[in-house]
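Reader: I have a structure open on my screen and would like to talk it through with you before I go back to the bench. Could you take me through it piece by piece?

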Amino acid sequence: MSFGDPNNPYGQQQGQQPGYGYPQAPPVQQPYGGGYPAGPTEMPGITKAARIFLFVIVACQLAVAALYGYTISEFDKAAADLNGTESEAFADLGKGVLGFLLVLSLVFAALGLVLALKYANGANGVRVCSIVYGAFAIISGIFTIPIGLITLIVAILLIVFASKSATADWFKRPRH
């Protein structure tokens with residue numbers, strides 16, 4: 001024989017080229033034209049529910065802020081019955097704490113509204129922030145228990161729904 005290994009009892013294999021390394025797999029044909037797989041084109045239902053839960057938490061925070069505002073307006077009437085400088089200082093301190101809580105609940109509502117509005121075209125950070133927001137909403141719900149009970153339940157559902165893989169796929173989809 002003029003080519004091949006003379007010590008090979010089987011001779012030259014037909015259709016096989018001599019070479020080194022591992023054989024290559026044939027390229028995989030992608031039905032959508034190649035590249036990265038496309039994500040969902042419409043927001044999944046579970047993601048829409050998480051967005052609605054954010055709006056519910058925002059509404060609860062606005063209700064808590066209104067309750068704080070009403071309590072501040074009624075605080076002077078209750079403090080008028082008390083006499084002395086210590087009672088006035090206590091009343092001023094109470095109004096200051098309630099004012100701080102009012103502003104805090106308004107800021108918390110504004111953050112929730114921004115997150116809910118970013119669900120349509122936000123990245124994965126919006127989903128992560130929604131989970132963290134839900135954790136803080138649980139704490140907020142514990143401290144404002146009449147209205148906070150709704151916040152507590154909805155925040156737990158928000159965390160569960162925002163953690164689902166369908167929601168993660170929605171936020172990790174490619175955007176052009």
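Author: We can begin with the overall fold and then move on to helix packing, single residues and charged pairs.

Reader: Fine, and what kind of model is this, to begin with?
Author: This is a predicted model, and everything I say about the protein should be read with that in mind.

Reader: How many helices and strands does the protein have?
Author: The protein has five helices and zero strands, and read along the sequence this gives the pattern α-α-α-α-α.

Reader: And what share of the residues count as buried?
Author: Of the 176 residues in the protein, 28% count as buried.

Reader: What about contacts, how far apart in sequence are the partners?
Author: If we take the contacts between residues at least 6 apart in sequence, 77% of them join residues that are at least 24 apart.

Reader: Let's turn to helix packing. At what angle do H3 and H4 pack?
Author: Helix H3, which covers residues 124–143, and helix H4, which covers residues 145–162, pack at an angle of about 155 degrees, and their axes are 7 Å apart. Because of that angle, H3 is roughly antiparallel to H4.

Reader: Is that crossing left-handed or right-handed?
Author: The crossing in which H3 passes H4 is left-handed.

Reader: Which residues meet there, and what is their character?
Author: On the H3 side the contact includes Arg127, Tyr133, Ile138 and Phe143, and on the H4 side it includes Ile145, Leu152, Ile156 and Ala162. Sorted by character, the residues of the contact of H3 with H4 divide into 15 nonpolar, five polar and one charged.

Reader: Staying with H3, where does asparagine 124 sit, and what does it touch?
Author: Asparagine 124 lies in helix H3, and with a relative accessibility of 22% asparagine 124 counts as partly exposed. Leaving aside its neighbours within four places in sequence, asparagine 124 is in contact with Phe171 and Lys172. The C-alpha atoms of asparagine 124 and lysine 172 are separated by 5.8 Å, although the two residues are 48 residues apart along the chain.

Reader: Switching to H1, is threonine 47 buried or exposed?
Author: Threonine 47, which has its place in helix H1 (residues 45–80), counts as buried, because its relative accessibility is 0% and the cut-off for buried is under 20%.

Reader: What is around threonine 47, then?
Author: Once the neighbours within four places in sequence are set aside, threonine 47 is in contact with Tyr119, Ala166, Thr167, Trp170 and Phe171.

Reader: And alanine 59, how accessible is that one?
Author: Alanine 59 is also placed in helix H1, and alanine 59 is partly exposed, with a relative accessible area of 43%. Its C-alpha atom is separated by 9.6 Å from that of glycine 112, which is 53 residues away along the chain.

Reader: What about glycine 94?
Author: Glycine 94 is found in helix H2, which spans residues 85–117, and at 17% relative accessibility glycine 94 counts as buried. Measuring nothing but C-alpha to C-alpha, glycine 94 and isoleucine 72 are 8.5 Å apart in space, while in sequence they are 22 residues apart.

Reader: Last topic, charges. How many salt bridges turn up?
Author: A search of the whole structure finds one salt bridge, in which lysine 48 pairs with glutamate 42, the closest N and O atoms being 3.4 Å apart. In general, side chains of opposite charge can pair when their charged atoms come close.

Reader: Are those two partners buried or exposed?
Author: Lysine 48 is partly exposed, with a relative accessible area of 38%, whereas glutamate 42 is exposed, with a relative accessible area of 55%.

Technical notes: Residues are numbered from 1 along each chain as its sequence is written. This is a predicted model: local features need pLDDT of at least 70, side-chain atom pairs count only at pLDDT 80 or more; totals for chains, interfaces and linings use all residues. Side-chain values use heavy atoms; hydrogens and water are left out. A salt bridge is a side-chain nitrogen of Lys or Arg within 4 Å of a carboxyl oxygen of Asp or Glu. Buried means under 20% relative accessible area, exposed over 50%, partly exposed in between (1.4 Å probe, protein chains only). Axes are lines fitted to C-alpha atoms, for helices over the stretch in contact, and angles run from 0 to 180 degrees between N-to-C directions. Helices (H or I, at least four residues) and strands (E, at least two) are DSSP runs, numbered from the N terminus. Angles under 35 degrees count as roughly parallel, over 145 as roughly antiparallel, 65 to 115 as roughly perpendicular and the rest as oblique. A crossing is left-handed if the near helix is turned anticlockwise from the far one by less than a right angle, and right-handed if clockwise. Contact means heavy atoms within 4.5 Å. Ala, Val, Leu, Ile, Met, Phe, Trp, Tyr, Cys and Pro count as nonpolar, Asp, Glu, Lys and Arg as charged, and the others, Gly among them, as polar.
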